[in-house]
Amino acid sequence: MNFAAALLAGPAPDTKTALLTRQGDVSYGELRQRAAMVAAFLIERGLRPGERVLLAGESSAFWAECYLGIALAGGVSVPVAVPAETDCLAAITASTAPRFGCVQSMWLRRLASNLTGLSLVLTEARPSREVVGMELAVTTELPDQGPVSTHPATVDDLAVINFTSGTAGTPRGV
């Protein structure tokens, strides 16, 4: 079973608080809806099961929504700690070859030079200045897709690739 689908299908009522963030509380209903919107958008854009999706940002509702949305769509999250050093991010993107990324808007300009291989970047807010060379989509502008058909994960499916910090050399996926 897909872990994100199981987590989001849990018994918590839609009105119960799921996340406490600096930006405000997010209910289970909102989290379910936003994760489904991210999943539907990625699937519509051609994400294939097992394909890697870069995930860069601070701990936030956006990060959680994208992490769960990637999993619902059958993608593999590749979380990157921010601020990411240029050489570490280059090594991570080279070894995972993501086509899609979910990047918090405040980090787009700083990370842009290492995101050139991505065909699409999903962010939570439109950046104040254009980021050249990439197509951007904003989660708050995504249409409500309703229920999404999740990828039926198996025990052999990968959900996430975490990387070491790279302090002792090149970051390694674990």
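Start by selecting R99: at 27% relative accessibility, R99 counts as partly exposed. Keep in mind as you go that this is a predicted model.

**Stop 1: R99 and its partner**

With R99 still selected, add E51 and show both side chains. They meet in a salt bridge, 2.4 Å from N to O. Now colour by secondary structure and see where the two ends sit. R99 is in the loop between α4 (86-96) and β5 (100-103), while E51 is in the loop between α2 and β3 (52-56), so this pair ties together parts that are 48 residues apart in sequence. If you have polar contacts switched on, you'll find that the side chains of E51 and R99 are also joined by one of 2.4 Å.

**Stop 2: E51 from the inside**

Is E51 buried or exposed? E51 has a relative accessible area of 10%, and the cut-off for buried is under 20%, so E51 counts as buried. Next, bring up what surrounds this residue. Leaving out residues up to four places away in sequence, E51 touches G46, G75, V76, R99 and F100.

Now add R48 to the selection. R48 forms a salt bridge with E51 as well, and here the closest N and O atoms are 3.8 Å apart. R48 is partly exposed, with a relative accessible area of 49%. Show the three side chains together and you have a network: R48, E51 and R99 are linked by salt bridges.

**Stop 3: D14 and R32**

How many salt bridges does the structure hold? There are four. As a reminder, side chains of opposite charge can pair when their charged atoms come close.

For another one, select D14 and R32. The closest N and O atoms of this salt bridge are 2.6 Å apart. D14 lies in the loop between α1 (3-8) and β1 (17-21), and R32 lies in helix α2 (residues 28-44), so the bridge ties together parts that are 18 residues apart in sequence. Turn on the surface and look at D14: this residue is partly exposed, with a relative accessible area of 47%.

**Stop 4: the aromatic rings**

Time to leave the charges behind. The structure holds two aromatic pairs. Begin with F3 and Y67: their ring centres are 5.8 Å apart and their planes are at 55°, so this pair is tilted. F3 lies in helix α1 and Y67 in helix α3 (residues 61-72), so the pair ties together parts that are 64 residues apart in sequence. On the surface, F3 counts as partly exposed, at 35% relative accessibility.

Keep Y67 and add W63. How are the rings of W63 and Y67 arranged, stacked or tilted? Their centres are 5.1 Å apart and their planes are at 15°, so the pair is stacked. Look along the backbone of α3 and you can see how W63 and Y67 are placed: they are four residues apart in that helix, a separation of about one helical turn. W63 is partly exposed, with a relative accessible area of 23%. Select F3, W63 and Y67 together and you have one aromatic cluster.

**Stop 5: along helix α3**

Stay on α3 and select the whole helix. α3 is mostly covered, with ten of its twelve residues buried. Among the buried ones are F62, C66, L68 and I70. If you like a quick geometry check, measure end to end: at 1.5 Å a residue, the twelve residues of α3 should span 16 Å, and the end C-alpha atoms are 16 Å apart, which agrees. Then step just past the helix to G74, where phi is positive, at about 90°.

**Stop 6: two backbone details**

Next, select V82 and P83 and show the backbone. The peptide bond joining V82 and P83 is cis, with omega about 0°. You'll find P83 in the loop between β4 (76-80) and α4.

Finish at A97, which is found in the loop between α4 and β5. What is phi here? Phi of A97 is near 50°, a positive value in a residue other than glycine. A97 counts as exposed, at 55% relative accessibility. From A97 you can step along to R99, where the tour began, as R99 is in the loop between α4 and β5 too.

Note on methods
Residues numbered from 1 in each chain as written. Predicted model: local features only at pLDDT ≥ 70, side-chain atom pairs only at ≥ 80, totals over all residues. Heavy atoms only, no water. Helix = DSSP H or I, 4+ residues; strand = E, 2+ residues; numbered from the N terminus. Buried < 20%, exposed > 50% of the residue type's maximum accessible area, 1.4 Å probe, protein only. Phe/Tyr/Trp six-rings, centres within 6.5 Å; stacked < 30°, edge-to-face > 60°. Polar contact = N/O pair within 3.5 Å; in protein donor to acceptor, adjacent residues only side chain to side chain. Contact = heavy atoms within 4.5 Å. Expected span 1.5 Å × (residues − 1).
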